[in-house]
Amino acid sequence: MALPGKASDPRPQQAADVASEVIELLEVLWEHGRDAVSPAPVSTSQLRVLYTLDREEGINQRSLGEVLGAAPSSVSRLCDRLQALGFVERAPSPVSRRELELRLTAQGRTYLRDLRARREEALLASIAAMPAAARQALVDGLAGFRHALEATAPVTAQDRTGARDQGHGMSA
């Protein structure tokens with residue numbers, strides 16, 4: 001008889017298959033939320049910029065590129081597009097005249113607030129349709145998954161904040 005959690009145990013594979021399907025459904029749900037917020041929705045990469053600026057007000061483009069793992073020219077184009085949409089502003093750094101600080105505008109903050117509200121509304125509607133026992137099992141299962149994830153692939157506090165900011169937090 002196979003021990004739970006070992007490679008010969010089919011349950012981890014089944015759980016991974018179900019989790020993959022749920023992640024795909026959540027991605028579709030998130031896209032619907034993003035499309036409903038603005039007539040000109042931002043790309044996934046642009047959304048990552050908005051989330052980062054929301055967490056790290058005044059970050060410069062070089063640091064933003066490091067956070068995103070993107071080339072300077074790509075970061076510049078992302079910021080150009082977001083600035084054209086009125087979501088981001090660039091301002092001279094008080095520390096260095098050669099650097100520009102990036103900040104969300106009021107319109108950018110409103111976009112993120114509305115996006116998060118739409119996504120939470122859609123998620124709550126789906127979860128509310130679940131039986132109470134299934135909701136509790138979801139909370140317990142997600143808590144266990146998060147614990148296992150942190151134990152096997154250490155996640156930094158910044159990573160957790162980013163995930164929560166993107167609407168993936170696991171609060172009960």
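## A walk through the helices

Start with the whole protein chain on screen: of its contacts with a separation of 6 or more, 52% join residues 24 or more positions apart. You are looking at a predicted model, so colour it by pLDDT before going further. The mean pLDDT of the protein chain is 81, and 78% of its residues reach 70 or more.

Now switch to a cartoon view. The protein chain holds 7 helices and 2 strands, and following the sequence you will meet them in the pattern α-α-α-α-β-β-α-α-α. If you colour by accessibility instead, buried residues come to 23% of the 172 residues.

**Stop 1: helix 5**

Select residues 106-128, which form helix 5. Try a distance between its end C-alpha atoms: they are 32 Å apart, and this agrees with the 33 Å that 23 residues should span at 1.5 Å a residue. Next, show side chains for Gly-108, Tyr-111, Leu-112, Leu-115 and Arg-119, which are buried in helix 5. An α-helix has 3.6 residues a turn, so residues three or four places apart point the same way.

**Stop 2: helix 2 against helix 5**

Keep helix 5 and add helix 2, residues 44-55. How far apart are the axes of helix 2 and helix 5, and at what angle do they pack? The axes are 11 Å apart and the angle is about 105°, a value between 65 and 115 degrees, so the two helices are roughly perpendicular to each other. To see the contact, pick Leu-47, Leu-50, Tyr-51 and Asp-54 on helix 2, then Arg-109, Tyr-111, Leu-112, Leu-115, Arg-116 and Arg-119 on helix 5. Coloured by class, this contact shows 6 nonpolar and 4 charged residues, with no polar ones. Tyr-111, Leu-112, Leu-115 and Arg-119 of this contact may look familiar from the previous stop, being among the buried residues of helix 5.

**Stop 3: helix 3 against helix 4**

Move on to helix 3 (residues 61-68) and helix 4 (residues 72-85), whose axes come within 9 Å and cross at roughly 105°. That angle makes helix 3 roughly perpendicular to helix 4. Helix 3 brings Gln-61, Leu-64, Gly-65 and Leu-68 to the contact, and helix 4 brings Val-75, Ser-76, Leu-78 and Cys-79. Here the classes are 5 nonpolar and 3 polar, with no charged residues.

**Last stop: residues 164-172**

Finally, select residues 164-172, where pLDDT stays under 50. The model has 15 contacts beyond four places in sequence for this stretch. Where pLDDT is low, the predicted coordinates should not be read in detail.

Definitions and conventions:
Residues numbered from 1 in each chain as written. Predicted model: local features only at pLDDT ≥ 70, side-chain atom pairs only at ≥ 80, totals over all residues. Heavy atoms only, no water. Helix = DSSP H or I, 4+ residues; strand = E, 2+ residues; numbered from the N terminus. Expected span 1.5 Å × (residues − 1). Buried < 20%, exposed > 50% of the residue type's maximum accessible area, 1.4 Å probe, protein only. pLDDT = per-residue confidence, 0-100. Contact = heavy atoms within 4.5 Å. Axes fitted to C-alpha atoms, helices over the stretch in contact; angles between N-to-C directions. Parallel < 35°, antiparallel > 145°, perpendicular 65-115°, else oblique. Nonpolar A, V, L, I, M, F, W, Y, C, P; charged D, E, K, R; others polar.
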